[in-house]
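Here is an informal walk through one structure, taken a piece at a time. Have the sequence and the 3D view open as you read.

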Amino acid sequence: MKKLLVASILSALGTGAYAASLPQDLNWKTNWDEPLFASSEAKRGGTYRTHILSFPQTLRSVGPDSNSGLRAYFLDDVPKLVEKHPDTLEWIPSIANEWAFGDDNKTIYFKLNPEAKWSDGKPVTADDFVFMLKFYRSKDIIAPWYNEYYTNVIADVQKVDAHTIAVVSGIEKNQEDLLYTLGSLVPRPAHFYANPSKDENGDGIDDNFVRKFNFKGEPTTSAYYLGDVKKGKQITFEHVGNDWWGYSNRYYQNRYNVDKIRIKVIRDNDIAMKHFEKGSLDAFSLLLPSLWHEKTHSEPYKKGYINKFWGYNQMPQGAGGLWMNTAQPLLGDIELRKGIMLATDYDGMIENITRGDYTRKPHAMGFGHGNYDLPNPTPPKFDPEKAAEHFAKAGFDQIGPDGIRMNAKGERLSFGITYGVNAWTPRIAFLKEQAKLAGLEFTLNLVDGSAAFKYTLEKKHELAFLNMGTSDVPAYWEYFHSFNANKPQTNNHTNFSSPLLDKLIEQYKAEFDLAKKQELSHKIQEEITAANVIVPGYMVPYAREAHWRWMKFPEKAMTKRTYNMFSIDRTFGLHTFWIDKDIEKETKKAMKQDKTFPEVTIVDERYKL
């Protein structure tokens, strides 16, 4: 009876039909020959203890408020169909063992790893990928970006057999772009969401999805599934075990080594660092220059109990800096925006506040996308006199008693900068002081943790101090197409769009020829530059962390795509680290006896640009 019920549910979801057949003479590709980047010396076991600054507003990976917090653990950092090797950047198998291109420049066929399983033990099959498309197209998830992407960009997912699928792009693409788009797909567990009685509109998704799954963890294909949750206090991820399907793939061996990842909510970084130095956290991020240069000279470092690591990467850098919300009063005036561009002293902030450790983004849309990026772009230089000229053209030609410009209506030239990390306050305070030289006032709007991004998504901000993620191929539709302007829960943080940008972005998405696509990318970036809506910010091309000496990692620590060595506040890591329990016992014994070890600082500059 139970088997019949499951069959009827799958039939209702439309995931049971064999909708495709394989063409003759497909050229199947795979790649098991790239160098390994994990260490054969890695040891399994232990609990890795880290922290976040605020408890996430949801444990969903899609829908309202999901674009922050711990989404990486649920969606961004889980196995995809295929992945890029973090050093050679060649495509390697992940959930799919093989892939083959159709002859229509739209379709790729994937053979799934038959060992792949969900964390609840159910097999991963073609049905989960077919269901994925229904899931992301459903209005019940309240996620317009996903609705659009999985309707127009991903045209279809068809089941060939239990472990073979055909994935179809909405537009023709060259093979590299096609694999990048279609190979990045991850399945959704059809068996977990199946509930026809709560699906009155018949799209396969519970009509009350957002509320029902707000804090309900779904099965995952990752090595770690959501375990114990103490709302507002702590989240624990637990390892699936030694029989995790991923270990059948050579590129996953000797990775994901700890048994648990325990994430404690500590709302202040200074307090978190004290917890770390007392031994209740295993690693701590030292990206902040003040931490690396000033606060790592205490006894645990000098006595060698805590080690320091600085490694450079070559990660693509996303759009970011100071985003101007053009839907807010005054910010629709381009002369005023030009003035803000010239009155925002990012270069001075990098030199004086970050000790020159950070690097200026050359363009508002980021860096590291190869030929997609404009050749040799230059960010605007701080020039308060020229800024003042633009402000005067915008009508702010009077100086108030406090030195801040005013217009004929008596309105002050004042805008709030929304940000979500207290440690950024000195940076924004520097921008505030420098902006006064142009008669511009910045006020500081610190909003707690993940709520800051929610505030920006709801388009309540005037200016947002924010960096976004990216990939090898830059995305523009979510940031600048009019479809996403003046809508909550989209990434058009500037609310700026134009008919020309719409046309260029649509051409960019549809362009097959790689050289023409890159040329269109240049034109889009030129239009974004001309719009003056994002002051290009800074980028941090390295990982920098402190860790207790029992935390270990490969001898060749960094790869080009190592975001961090340890999972600190969000995953985005390769999980090549492990805990050496013998060294942990040795260290704790030495601390009791006041025995010391050599002070250790490791710097890996192999990928320093």
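Beyond its neighbours within four places in sequence, methionine 349 is in contact (heavy atoms within 4.5 Å) with Thr354, Arg427, Phe430, Leu431 and Tyr538. Methionine 349 sits in helix 12, residues 346–352; helices here are DSSP runs of H or I with at least four residues, strands are runs of E with at least two, and both are numbered from the N terminus. Its relative accessibility is 0%, so methionine 349 counts as buried. For that term, buried means under 20% relative accessible area, exposed means over 50%, and partly exposed is in between, with a 1.4 Å probe and protein chains only. Proline 426 is 77 residues from methionine 349 in sequence, yet their C-alpha atoms are 9.0 Å apart in space.

A word on the source: this is a predicted model, where local features need pLDDT of at least 70 and side-chain atom pairs count only at pLDDT 80 or more, while totals for chains, interfaces and linings use all residues. Residues are numbered from 1 along each chain as its sequence is written, and side-chain values use heavy atoms, with hydrogens and water left out.

**Cores**

What is the size of the largest nonpolar core? It has 134 residues, and Tyr48, Phe110, Tyr136, Ile154, Phe237, Ile340 and Phe391 are the ones with the most contacts inside it. Helix 3 (residues 126–137) gives this core its largest share, eight residues. A second, separate core has 26 residues, including Phe453, Met468, Tyr508 and Leu520. A nonpolar core here is a set of buried Ala, Val, Leu, Ile, Met, Phe, Trp, Tyr and Cys residues joined through side-chain atoms within 4.5 Å. In soluble globular proteins, nonpolar side chains tend to be buried together.

Tyrosine 48 is worth a click: leaving aside neighbours within four places in sequence, its contacts include Val258, Lys260, Ile261, Arg262, Met551, Phe566 and Phe577.

**Strands**

Strand 9 (residues 234–239) is mostly covered, with five of its six residues buried. Strand 9 also pairs with strand 8 and with strand 10, as the table shows. Two strands count as a pair if DSSP finds at least two bridges between them. Strands 8 and 9 make a hairpin with three residues between them, and glycine 232 in the turn has a positive phi of about 80°.

Strand 19 (residues 463–467) is mostly covered too, with four of its five residues buried. Its partners are strand 13 on an antiparallel basis and strand 17 on a parallel one.

| Strand pair | Sense | Bridges | One bridge partner pair |
|---|---|---|---|
| Strand 8 (residues 224–230) and strand 9 | antiparallel | five bridges | tyrosine 225 and glutamate 238 |
| Strand 9 and strand 10 (residues 260–265) | antiparallel | five bridges | isoleucine 235 and isoleucine 263 |
| Strand 13 (residues 320–324) and strand 19 | antiparallel | five bridges | methionine 324 and leucine 463 |
| Strand 17 (residues 414–419) and strand 19 | parallel | two bridges | threonine 418 and alanine 464 |

**Aromatic rings**

How many aromatic pairs are there? The count comes to 48, where rings of Phe, Tyr and Trp (its six-membered ring) pair if their centres lie within 6.5 Å, with planes under 30 degrees apart called stacked, over 60 edge-to-face and the rest tilted. Take tryptophan 91 and tyrosine 180: their ring centres are 6.1 Å apart and their planes are at 70°, so this pair is edge-to-face. Tryptophan 91 belongs to strand 3 (residues 91–93) and tyrosine 180 to helix 5 (residues 175–182), so the pair ties together parts 89 residues apart in sequence. Tryptophan 91 counts as buried because its relative accessibility is 11%.

One aromatic cluster takes in, among others, Phe131, Tyr136, Trp145, Tyr150, Phe192 and Phe213.

Charges join in as well. The charged end of lysine 111 sits over the ring of tryptophan 28, 4.4 Å from its centre, and that of arginine 549 sits over the ring of phenylalanine 597, 3.6 Å from its centre. The rule asks for NZ of Lys or CZ of Arg within 6 Å of the ring centre and within 35 degrees of the ring normal.

**Positive phi outside glycine**

Leucine 89 is not a glycine, but its phi is positive, about 65°. Leucine 89 is in the loop between strand 2 (82–84) and strand 3, and with 26% relative accessibility it counts as partly exposed. Histidine 575 has a positive phi near 55° and lies in the loop between strand 23 (551–552) and strand 24 (578–579). Is histidine 575 buried or exposed? Histidine 575 is buried, with a relative accessible area of 4%.
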